[in-house]
Amino acid sequence: MFHLPEGVIYLDGNSLGPLPKATPEKVGSMLTQEWGDMLITGWNKADWMGQPARIGDRIGKLIGAPAGYVVMGDTLSIKVYQAVASALELNQSRKVVLSDNGNFPTDLYMVDGLLKSLNNGHELRLADPENVEAELSEEIAVLMLTEVDYRTGRKHDMKTITEKAHALGIIVIWDLAHSAGAVEVDLTACDADFAVGCTYKYLNGGPGAPAFIYVAPKHQNNIRPALSGWMGHASPFAFDLDYQAGAGIERMRVGTPPVIALTALEASLDIWDMVSMADVRAKSIQLCDLFISEVEARCPNLELASPRDGNNRGSQVSFKFEHAYAGMQALIANGVIGDFRAPNSMRFGFTPLYIDEDDVVGAATILERVINEKLWDNPQYQTRSRVT
Ligand SMILES: *Cc1c(COP(=O)(O)O)cnc(C)c1O
């Protein structure tokens, strides 16, 4: 169901999922039959206007959210900003946002920028991932964590942490960037307040695919959207001069939705309709376990940077290696695509929809050659590109 180039083992679907074979035709017919033939009437006739919520409901099924509580749009960085801004207003007597130093930097940058704009004595505090629970206190307004650490694959226990935080009156935001389509998530059972995530990683929506945001039922009509764009207005086409927040999750919309990109994502979600997350998760743990044992047997000088127990790990495995950047370049040149994460990790994503045991053993065999024959030790693999 995926377009994968001949001779490539693709272990980077955690960063950019491959192209579903159905996507070009689906997008092509949207372009000609909807944009082309319907022109502006497509907003109603093809219901482009309803697309962010309609697709949000499909994402919701993958992360344990009921229909009506997830909406699509913008980038994940923007969705982080929206969630944190609204969450802080729910807990105004407190001034601390707690996160961990394994979080993806853009999440931290967005909070930093927001707190500077608020200029109201807020603080962003970072704990080591293992110490988050110990740092929870009644001083904390908002806890913002990414469930699966992008570098190591270490997975937080969403349910336990959310429960402990709630007992202390803390609002909890989960970033599901490396969870949606990778691990089973049940936002309702976890009682998360907010969740955000992107769709170009495990969900195969394509480069720059729109992000999603979930707001818990109890908060939906109480939160003020910080990015109060017209598409989140109760009645955008009233062209009211005053902002009035739309009902429920609609208020987290900002501007005009990216219809072409959302259509590409729809093609990928057709695949997700056919699989169970439990099956995907079980297989992903098997594949990751197999990769760890194959690599450790073949490359004793690589050090596992990910949790060994699959239950504490997302759908990725990282190894530390002194020459990780050059090592990954050499690996890519030899047909195995993973990525490098500073300072010294070679990272591999395992996505059971298109990776099987033969791929895992094949990748480990090539990695063994790259490391043991020092194929990385070549000047052409030393220069860093803009994207690593
Ligand atoms: C991939 C990722 C992002 C990327 O944010 P964009 O705005 O989509 O570029 C943000 N946060 C986390 C945790 C990620 O893994």
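Mentor: A residue counts as buried when its relative accessible area is under 20%, as exposed when that area is over 50%, and as partly exposed in between. The model we are reading is a predicted one.

Trainee: With those cut-offs in mind, is Arg308 buried, partly exposed or exposed?

Mentor: The relative accessible area of Arg308 is 53%, and the threshold that has to be passed is over 50%. Because 53% lies over that threshold, Arg308 is exposed.

Trainee: Which residue forms a salt bridge with Arg308, and where does that partner lie?

Mentor: Arg308 belongs to the loop between strand 11 and strand 12, and the pair links distant parts of the chain, the two residues being 12 places apart. The side chains come together with an N to O distance of 2.8 Å, and the partner is partly exposed, at a relative accessible area of 28%. That partner, placed in helix 11 (residues 277-298), is Glu296.

Trainee: Arg313 lies in the loop between strand 11 (303-304) and strand 12 (316-320); is Arg313 buried or exposed?

Mentor: Arg313 has contacts with residues that include Gly153, Lys155, Arg281, Asp289, Pro307 and Arg308, leaving out those up to four places away in sequence. Its relative accessible area is 0%, and the limit for the lowest class is under 20%. Because 0% falls under that limit, Arg313 is buried.

Trainee: Which backbone oxygens lie 3.2 Å from a polar atom of the side chain of Arg313?

Mentor: One such backbone oxygen, at 3.2 Å from a polar side-chain atom of Arg313, comes from Pro307. A second, also listed at 3.2 Å from a polar atom of that side chain, is the backbone oxygen of Arg308. The residues that supply these oxygens are therefore Pro307 and Arg308.

Trainee: Turning to the ligand, which polar side-chain atom lies 2.6 Å from one of its oxygen atoms?

Mentor: Among the residues around the ligand are Thr75, Phe104, Asp175, His178 and Lys201. A polar side-chain atom of Asp175 lies 3.4 Å from a ligand nitrogen, while one of His178 lies 2.9 Å from a ligand oxygen. The distance of 2.6 Å to an oxygen atom of the ligand is that of a polar side-chain atom of Lys201.

Trainee: How much of the area that the ligand exposes when taken alone does the protein bury?

Mentor: The shell that provides this cover receives two or more residues from helix 4 (76-90) and from helix 5 (105-118), and by class it has four nonpolar, five polar and three charged residues. Taken alone, the ligand exposes 390 Å², of which the protein buries 86%.

Trainee: Why is helix 12 described as largely enclosed by the rest of the structure?

Mentor: The buried residues of helix 12 are Ala324, Tyr325, Ala326, Gly327, Met328, Ala330 and Leu331, and they pack against strand 13 (336-337), strand 14 (339-341), strand 15 (345-349) and helix 13 (357-372). Helix 12 spans residues 324-333, and it is largely enclosed because the buried ones among its 10 residues number seven.

Trainee: Which residue with a positive phi follows helix 12?

Mentor: Helix 12 covers residues 324-333, so the place to look is after that span. There a phi near 95 degrees is found, and the residue that has it is Gly335.

Trainee: A search of the whole structure finds 24 salt bridges; which residues are joined into one network by bridges that share partners?

Mentor: Asp47 and Arg54 form a salt bridge in which the closest N and O atoms are 3.0 Å apart. Asp47 is partly exposed at a relative accessible area of 34%, and Arg54 is likewise partly exposed at 31%. Through shared partners, the network joins Asp47, Arg54 and Glu266.

Trainee: Which residue meets Arg125 in a salt bridge?

Mentor: Arg125 lies in strand 6 (residues 123-127), and its partner, 14 residues apart from it, lies in the loop between helix 6 (132-135) and strand 7 (140-146). The partner counts as partly exposed, at 44% relative accessibility. With an N to O distance of 3.0 Å, the residue that meets Arg125 is Glu139.

Note on methods: Residues numbered from 1 in each chain as written. Predicted model: local features only at pLDDT ≥ 70, side-chain atom pairs only at ≥ 80, totals over all residues. Heavy atoms only, no water. Buried < 20%, exposed > 50% of the residue type's maximum accessible area, 1.4 Å probe, protein only. Polar contact = N/O pair within 3.5 Å; in protein donor to acceptor, adjacent residues only side chain to side chain. Contact = heavy atoms within 4.5 Å. Near = heavy atom within 4 Å. Areas by Shrake-Rupley, 256 points an atom, 1.4 Å probe, with all protein chains shown as cover. Helix = DSSP H or I, 4+ residues; strand = E, 2+ residues; numbered from the N terminus. Nonpolar A, V, L, I, M, F, W, Y, C, P; charged D, E, K, R; others polar. Salt bridge = Lys/Arg side-chain N within 4 Å of Asp/Glu carboxyl O.
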